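Me: I have a model open in my viewer and would like to learn how to read it step by step. Could you walk me through it?

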2 protein chains.
Amino acid sequence: MASHTVENYLKALFALANEVGEVGISDLSDHLAVSKPSVNGMAKALQQDGFLKYEKYKPLKLTAKGKKAAALVVRKHRLTEMFLVEQMGFGWDEVHDIAEQVEHVKAPAFFDRMDELVGFPTVDPHGSPIPDAQGNVLEIDCMKLSECSVGSKVSLVGLSQSSKSLLTFLDSHGIALGHTFHVRAVEPFDGSMTMLHKGAQDQTFSLKVCERLLVKREA
Amino acid sequence: MASHTVENYLKALFALANEVGEVGISDLSDHLAVSKPSVNGMAKALQQDGFLKYEKYKPLKLTAKGKKAAALVVRKHRLTEMFLVEQMGFGWDEVHDIAEQVEHVKAPAFFDRMDELVGFPTVDPHGSPIPDAQGNVLEIDCMKLSECSVGSKVSLVGLSQSSKSLLTFLDSHGIALGHTFHVRAVEPFDGSMTMLHKGAQDQTFSLKVCERLLVKREA
DNA sequence: TTTAATTGTTAGGTGAGTCTAACAATGTAG
DNA sequence: CTACATTGTTAGACTCACCTAACAATTAAA
C-alpha cells in the first residue's frame with residue numbers, strides 16, 4: 001500500500017491535473033509546500049512504482065494505475081467529509097482538515113461503512129464528486145457562475161478550490177448548495193455580479209467569488 | 001505533537017506497565033515487534049523529550065508527562081472503538097485494528113464529537129476504562145474469573161488482553177459484557193471451570209479463558 | 001537572438017526510525 | 001562461585017522523505 005506521503009502526492013497530482021491539465025514539478029512543489037528537488041525525487045520513485053509517467057523536463061502524467069490510486073484516496077477523503085457532516089454534525093467549513101488525516105486510514109471496511117451510513121452519496125458536502133470504489137469519477141455538468149450572462153437562472157452545484165475562508169464567506173451570506181441565483185447585472189469594470197438569491201434578495205459578489213461558484217442552468 | 005511512532009511506544013509502555021509493572025527493553029521489543037536496539041534508541045529519545053525516565057540497564061518508567069500523553073492516546077483508541085461499535089455498527093471483534101489507525105488522527109474536535117455522540121462512555125466495548133480528557137484513568141474494581149471459588153456469583157465487566165480470537169470465541173459462546181456467571185465447579189487438574197451462564201446453561205471454560213475474563217462480585 | 005526569468009536537475013546532507021552483528025552487563029543454576 | 005542464559009548496549013548501515021546550494025535546460029522578453 002502507498003505511504004501517507006505517496007497518497008498525498010497522488011491526491012495533489014489528481015487535483016492539479018483537473019485544475020490546470022499540465023502539471024509541472026513546480027506546481028506540485030507549491031501545492032504540497034515541498035522543495036522542487038524533493039518533488040523531483042518523488043517523481044522518479046512514483047514512476048518506478050508505475051504511478052506516473054515521467055521524462056526529464058516534461059510535465060508529469062499519472063498512469064491509469066496512478067489515476068485509480070489517486071481517485072481512491074480522493075474517495076476516502078470525500079466520503080469522510082460527507083460522514084463528518086451528515087453523521088457527526090460538523091459544518092462544511094470544518095471537515096477538510098479532519099478528512100485530510102482520516103483519509104490515510106487503511107481499513108476499507110471503515111470507509112465502506114461510512115458510505116453505507118450516509119446513503120452512498122455521489123458528491124461531497126462541497127459538491128465535488130465522490131469517485132466510486134473502482135476509482136471512476138463522474139463528471140459533473142456545470143459552469144462557473146462568472147461565465148453566466150445577465151438573465152441566466154442557475155443553481156449552485158459545487159465549488160472550485162473551496163477554502164475555509166470561502167466556505168465561511170458563503171455561510172455568512174446564507175448561501176448553500178442547491179440555492180438558485182438569477183443573474184441581474186454584471187459590472188463591466190470589475191466583473192462583479194448582482195444576483196437575486198433564492199428568489200428573495202439581491203446580492204452582489206466579486207468576480208473572485210463568482211469564479212469559485214459552480215452552477216447548473218435551471219430547468 | 002508526538003509522531004505516530006512515539007504514540008505507539010507510549011501506548012505500549014502504558015499497557016505493559018499496567019500488565020506487568022516493570023517494563024524492560026525486551027518487553028517493548030516483543031510487544032511492538034521491533035528490535036531491541038531500536039527500542040533502546042527510542043528510549044533515549046523519549047527520555048530526551050521528558051516522556052520517560054531511563055537509566056542504563058534499569059527498567060523503563062513513564063514520567064507524569066509520559067503517562068498523560070499515553071493515556072490520551074489510549075483515550076483516542078477506546079473512544080474510537082466505542083464509536084465504531086455504537087454508531088457505525090461494527091462488532092467488538094472488528095474494531096481494534098481500525099481504531100489502531102484512527103487513534104493517530106490529530107483533531108481533538110473529532111474525538112470530542114465521538115465522545116458526545118456515544119454519550120461520554122467510561123469504558124470501551126471490551127470493558128476497558130476510557131481515560132478522561134486530562135489523562136486520568138479510572139480504576140475498575142474487578143478480579144479474574146479464574147480467581148473465583150466455587151459458589152461465586154459474578155458478572156463480566158471486562159477482558160484482559162482481549163484478542164480477536166478471544167472475542168470470536170466469546171461471541172460463539174453467546175457471552176457478552178454484563179452477563180452473569182455462577183461458578184459451579186473448578187477442575188483441580190487443569191483449572192477449567194464450569195459455570196451457570198445467565199442462570200440458564202452450564203458452560204465449561206479452560207483456565208486460559210477464565211484468566212482473561214474480568215468479573216465483579218454480584219450484589 | 002542574446003538576455004533574463006522560470007523551471008528542472010544534480011549533488012550532497014539531515015533526521016527519524018529501522019535493522020544486524022558483536023559485545024557487555026545482569027541474573028540464575030549448578 | 002563459576003558458567004550460561006537472558007537482557008541491554010554500541011557501532012554501523014539502510015530507507016524514506018526531506019532540505020540547501022549550485023548548475024542546466026527551457027521559455028519568454030527585449
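Reply: Happily; we will go through the two chains first and then the DNA strands. Please keep in mind that this is a predicted model.

Me: How many residues does each chain bring to the contact between chain A and chain B?

Reply: A contact is read from both sides, so to speak, and here the contact takes 18 residues from chain A and 18 residues from chain B. Together chain A and chain B bury about 1,500 Å², with 70% of it on carbon and sulfur atoms. On the side of chain A, three residues supply more of the buried area than any other three: A:Met88, A:Phe110 and A:Arg113, with 37%.

Me: What kinds of polar link should I look for across the interface of chain A and chain B?

Reply: Two counts help here. The rule finds six residue pairs in polar contact across this interface, taking pairs with both residues at pLDDT 80 or more. The count of salt bridges between chain A and chain B, by contrast, is zero.

Me: Which elements of chain A give two or more residues to the side that touches chain B?

Reply: Look for helix H4 (64–86), helix H5 (95–102) and helix H6 (108–117) of chain A. H6(A) has the largest share, with five residues. Sorted by class, this side of chain A has 12 nonpolar, four polar and two charged residues.

Me: What rotation superposes chain A on chain B?

Reply: For a pair of copies, you read the angle, the shift along the axis and the fit. A rotation of 180° with 0.0 Å of shift along its axis brings chain A onto chain B, at an RMSD of 0.0 Å. The two copies are therefore related as by a two-fold rotation axis. The same surface serves both copies, as 100% of the contact residues of chain A recur in chain B. To find the axis in your viewer, start at A:Val102, the residue of chain A that comes closest to the axis, at 3.4 Å (C-alpha).

Me: Now the DNA. Which residues come nearest to DNA strand C?

Reply: There are 20 residues around DNA strand C, and A:Asn40, A:Lys44, A:Tyr54, A:Lys56 and B:Ser3 come nearest. It also helps to ask which part of the strand is touched: of the atoms of DNA strand C within 4 Å of the protein, 72% belong to sugar or phosphate and the rest to bases.

Me: Where do polar atoms of the protein meet phosphate oxygens of DNA strand C?

Reply: Check whether the protein atom is in a side chain or in the backbone. An N or O atom in the side chain of A:Tyr54 is 2.7 Å from a phosphate oxygen, while A:Tyr57 places a polar backbone atom 2.9 Å from one. From the other chain, B:Ser38 has a polar side-chain atom 2.8 Å from a phosphate oxygen of this strand. Helix H2 (25–32) and helix H3 (36–48) of chain A, and helix H1 (4–20) and helix H3 (36–48) of chain B, each give two or more residues to this surface. H3(A) gives the largest share, four residues.

Me: And what polar atoms lie by DNA strand D?

Reply: A polar backbone atom of B:Ser26 is 2.7 Å from a phosphate oxygen of DNA strand D, and an N or O atom in the side chain of B:Asn40 is 2.3 Å from one. The side chain of A:Tyr57 has an N or O atom 3.3 Å from a sugar or linking oxygen of DNA strand D. For this surface the largest share, four residues, comes from H3(B). Its residues divide into 10 nonpolar, seven polar and three charged.

Definitions and conventions
Residues numbered from 1 in each chain as written. Chains lettered and ligands numbered in written order. Heavy atoms only, no water. Near = heavy atom within 4 Å. Polar contact = N/O pair within 3.5 Å; in protein donor to acceptor, adjacent residues only side chain to side chain. Contact = heavy atoms within 4.5 Å. Buried area = accessible area lost by both parts, 1.4 Å probe. Salt bridge = Lys/Arg side-chain N within 4 Å of Asp/Glu carboxyl O. Nonpolar A, V, L, I, M, F, W, Y, C, P; charged D, E, K, R; others polar. Least-squares fit on C-alpha atoms with pLDDT ≥ 70 in both.
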